[in-house]
Amino acid sequence: AVALAATLLAAAETGRLMVGPAVGGFVYSVAAAVVIGSLAGLVLSVGTRLLDDELVETALSGVLAYGSYMAADSLGASGIIATAFAGLVFGTVGRRFGLSEQTRLFLDGFWRFAAFLANAVLFILIGLEIRLPVLQHQIQWVLPAIVVVVLARALMVYTLTLMMHRVSTADGHVMVWSGLRGGVAIAVALSLPATIPGHNLILALTFGVVLFTTLVQGLTIEPLARRLGLVTDQTTDVADAQA
């Protein structure tokens, strides 16, 4: 989504969208990022076989995340995709062949806490950025945008679940309702230059959708799952015990 938004933003800044160059640029951005991230993940996976220190290896995983992003971004590729693939490769190859059991436990705990902290800060920033007067002023556009986003999610999920016979209808309902919007949408919206036509409207639509999915959908997923019989007190107790 971020890579596609960057491609469309470049077209918006020039005032015209050349389909061929836009598609080519998008494909390059993704493909180059996949290669860069995968190579970086492989290099660290091999390097960790020479080490046996959980602190050093965890620090190197942070360097991998930031370094793969910067390397891809400097070459005009998607830094986010590069970081994702670097993590995927290191999380499979590196964990299996280069990390000891003690290091794996330490690494998992560190990144679990880092993800929790980043998510908490992210939602604080979202709350600081959302302006209720702006949403009220654009409410006639915000409500249809919410409906369109939910319907688009439903169309995608139900189409795929029809093709996957192992997915129940109840699972499909929960998958539709769990399509939350948050950090990526806010980050892309805030990165748009103020000179783009409809800038304030885009921000209002984005904030409105994020607010609805976070407060309404996010807080009603568990009751929905319980009503559909997917979550019970027994399954909750088992999950807590496993955690």
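**Close-up views of an all-helix model**

**View 1. Four helices around the largest pocket.** At least two residues of the largest pocket's lining come from each of α1 (2-14), α7 (139-163), α9 (183-191) and α10 (199-227). The biggest contributor here is α10, which puts 5 residues into the lining of the largest pocket. Keep in mind that what you're looking at is a predicted model.

**View 2. Into the middle of the largest pocket.** The volume of the largest pocket comes to about 490 Å³. It has 18 lining residues, and the ones closest to the centre are Val184, Ala185, Val188, Ala189 and Thr206. What classes of residue make up the lining of the largest pocket? It's 16 nonpolar residues, with just 1 polar and 1 charged to go with them.

**View 3. The second largest pocket and its helices.** This one holds about 370 Å³ of space. Around the second largest pocket sit 22 lining residues, with Ala3, Ala6, Thr7, Ala10 and Ser29 nearest the centre. Two or more lining residues apiece come from α1, α2 (19-47), α3 (54-74) and α4 (79-97). Which of the elements gives the most to the lining of the second largest pocket? That would be α1, with 7 residues. Sorted by class, the lining of the second largest pocket has 13 nonpolar, 7 polar and 2 charged residues.

**View 4. Where α7 meets α10.** The axes of α7 and α10 lie 9 Å apart, and the two helices pack at an angle of about 60°. An angle like that makes α7 and α10 oblique to each other. As for handedness, α7 and α10 make a right-handed crossing. Both helices also turn up in View 1, since α7 and α10 each supply at least two residues to the lining of the largest pocket.

**View 5. Where α8 meets α10.** Helix α8 (residues 169-177) crosses α10 at roughly 160°, and their axes come within 9 Å. So α8 and α10 run roughly antiparallel to each other. How is the crossing of α8 and α10 handed, left or right? It's left-handed as α8 passes α10.

**View 6. Stepping back to the whole fold.** There are 11 helices and 0 strands in this protein. Read along the sequence, the pattern is simply α-α-α-α-α-α-α-α-α-α-α. The C-alpha trace spans about 60 × 55 × 40 Å along its principal axes.

**View 7. How confident the predictor is.** Mean pLDDT for the protein is 83, with 94% of the residues at 70 or more. Which element has the lowest mean pLDDT, and which the highest? Helix α11 (residues 233-242) is at the bottom with a mean of 54, while α3 comes out on top at 91. That same α3 is one of the helices that give two or more residues to the lining of the second largest pocket.

Key
Residues are numbered from 1 along each chain as its sequence is written. This is a predicted model: local features need pLDDT of at least 70, side-chain atom pairs count only at pLDDT 80 or more; totals for chains, interfaces and linings use all residues. Side-chain values use heavy atoms; hydrogens and water are left out. On a 1 Å grid over the protein atoms alone, a cavity is a set of points where a 1.4 Å probe fits but cannot get out, and a pocket is an open set with protein on both sides within 12 Å along at least five of seven lines; lining residues have an atom within 4 Å of a point. Grid points are joined across faces, edges and corners, and a volume is the space filled by probe spheres set on the points. Ala, Val, Leu, Ile, Met, Phe, Trp, Tyr, Cys and Pro count as nonpolar, Asp, Glu, Lys and Arg as charged, and the others, Gly among them, as polar. pLDDT is the predictor's confidence in each residue, from 0 to 100. Axes are lines fitted to C-alpha atoms, for helices over the stretch in contact, and angles run from 0 to 180 degrees between N-to-C directions. Angles under 35 degrees count as roughly parallel, over 145 as roughly antiparallel, 65 to 115 as roughly perpendicular and the rest as oblique. A crossing is left-handed if the near helix is turned anticlockwise from the far one by less than a right angle, and right-handed if clockwise.
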